[in-house]
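This briefing introduces one protein structure for a first-year reader. Please look at the sequence and the structure shown here before reading the points below.

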Amino acid sequence: MGSLADFHTHSTFSDGRLTPTQLIDLAYRNGVRIMSLTDHDIVDGLPEAFTAAARYPDFTLVPGIEMSTDVPGGEVHILGHFIDWEDRDFRARLSQLQESRLGRARKMVERLQDLGKPVTWARVEAFAGEGAVGRPHIALALVEAGHVANVNEAFDLYLSRNGPAYVEREHLTPEEVVDLLHSVGGFATLAHPREFDAPGGIEPLLERLTKAGLTGMEVYYQDYSPDQVQPLLSLANRFGLIPLGGSDYHGLGGPRQREPGDIPLIMEPVERLLDLAKRNGVLTRAKGPAAVR
Ligand code: AMP
Ligand code: ZN
Ligand code: FE
Ligand code: FE
């Protein structure tokens, strides 16, 4: 049974395997009727996504992004929804982040060479295509070169945060990213909170982020089980955050992959986000029936 809403998906413009058009076709087939495209640090997939979405009169697309931030000992991903993705300053900042991703990916390729697991930069570039380059593209090159069996193994052996080929990205704090998203009228949502395992746990982070103006938190996500969802839901309520979620679909396979629509999002919180967007005058940045209420 597909759900109606999915607020977290990736396309070929970052590290997803489907083009925005293929992604929306799949989501639609699965029963999704309101979706956000949230590529990593890039909005270049949105024009195609809006064109693809317009072919379905009962489908609403919300412009989005997922941004990586760093805190001591951990990485925090923040989703932005209803962003003014055409804003020039915003796009200039994203271009800088693309540059930094490129430099960092090249360094990781050098590390792999030193580790005796060479991949060519040309193959990494080919996997990345025109979009934001990320570790999954290097992982695909490692699989292709026969150094690992699959993408998960590439992360486990080389590319994870503590892995021997890992190189840090440009550091952004979560507050900087929340401010950046607010500067283009977007709402910030903490992504996949279970994955956050820095010392001190999640509560100090939520305190920090709600102070910065966080709007939501992903509560429904991939393989989160009901007994993991419940405490997250309590936390969201305690901190006044809208409990959102999504599939984080990349199309890379693996045991945790869920397709768009596989994560049963409760519609009440989605309605809360839409109402908030309406009050803030940004609802019409989405396109489709849910954007004209
Ligand atoms: P990057 O943005 O280059 O730091 O890469 C981060 C992306 O790598 C995440 O959004 C996931 O798609 C993917 N990723 C991170 N850890 C893993 C893992 N252990 N297995 C598979 N994919 C992962
Ligand atoms: Zn990703
Ligand atoms: Fe993420
Ligand atoms: Fe994601």
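The structure is a predicted model. The briefing covers two metal sites, a zinc ion (ligand 2) and an iron ion (ligand 3) that are 5.7 Å apart, and then two pockets, the largest of which holds about 1,300 Å³ of space.

**The zinc site**

- The protein donors of the zinc ion (ligand 2) are Asp15 (OD), Asp15 (OD), His40 (NE2) and His250 (NE2), at 2.0 to 2.7 Å from the ion.
- Along the chain, these donors follow the spacing D-x24-H-x209-H.
- Asp15 lies in the loop between β1 (5–6) and α1 (20–29), while His250 lies in the loop between β7 (242–246) and α10 (267–279), so this pair ties together parts that are 235 residues apart in sequence.
- Asp15 has a relative accessible area of 7% and is therefore buried, the cut-off being under 20%.
- His250 also counts as buried, with a relative accessibility of 16%.
- The site of the zinc ion (ligand 2) is irregular, with angles of 52 to 158° among its 6 donor atoms.

**The iron site**

- Glu66 (OE), His77 (ND1) and His192 (NE2) are the protein donors of the iron ion (ligand 3), lying 2.0 to 2.2 Å from it.
- His77 belongs to strand β4 (residues 74–81) and His192 to the loop between β5 (187–190) and α8 (202–212); the pair links distant parts of the chain, 115 residues apart.
- The spacing of the iron donor residues in sequence is E-x10-H-x114-H.
- His77 is buried at a relative accessible area of 13%, and His192 counts as buried at 12%.

**The largest pocket**

- The largest pocket is lined by 44 residues, and the closest to its centre are His77, Arg135, Phe155, Glu195 and Arg256.
- His77 is thus named twice in this briefing, as a donor of the iron ion (ligand 3) and as a residue of this lining.
- Elements giving two or more residues to the lining are β3 (60–71), β4, α3 (88–114), α5 (135–144) and α6 (151–159).
- By class, this lining contains 11 nonpolar, 18 polar and 15 charged residues.

**The second largest pocket**

- The second largest pocket has about 150 Å³ of space.
- Its lining includes Ile42, Asp44, Gln98, Leu102 and Trp121.
- Two or more residues of this lining come from each of α3 and α4 (121–128), and α4 gives the most, with 3 residues.
- The lining of the second largest pocket divides into 6 nonpolar, 3 polar and 3 charged residues.

Conventions
Residues numbered from 1 in each chain as written. Chains lettered and ligands numbered in written order. Predicted model: local features only at pLDDT ≥ 70, side-chain atom pairs only at ≥ 80, totals over all residues. Heavy atoms only, no water. Donors = N, O, S within 2.8 Å, 3.2 Å for Na, K, Ca; no water. Tetrahedral: all angles 85-135°; square planar, octahedral: opposite > 155°, others 65-115°. Helix = DSSP H or I, 4+ residues; strand = E, 2+ residues; numbered from the N terminus. Buried < 20%, exposed > 50% of the residue type's maximum accessible area, 1.4 Å probe, protein only. 1 Å grid on protein atoms, 1.4 Å probe; cavity = no way out; pocket = protein on both sides within 12 Å on 5 of 7 lines; lining within 4 Å. Points joined across faces, edges and corners; volume = space filled by probe spheres on them. Nonpolar A, V, L, I, M, F, W, Y, C, P; charged D, E, K, R; others polar.
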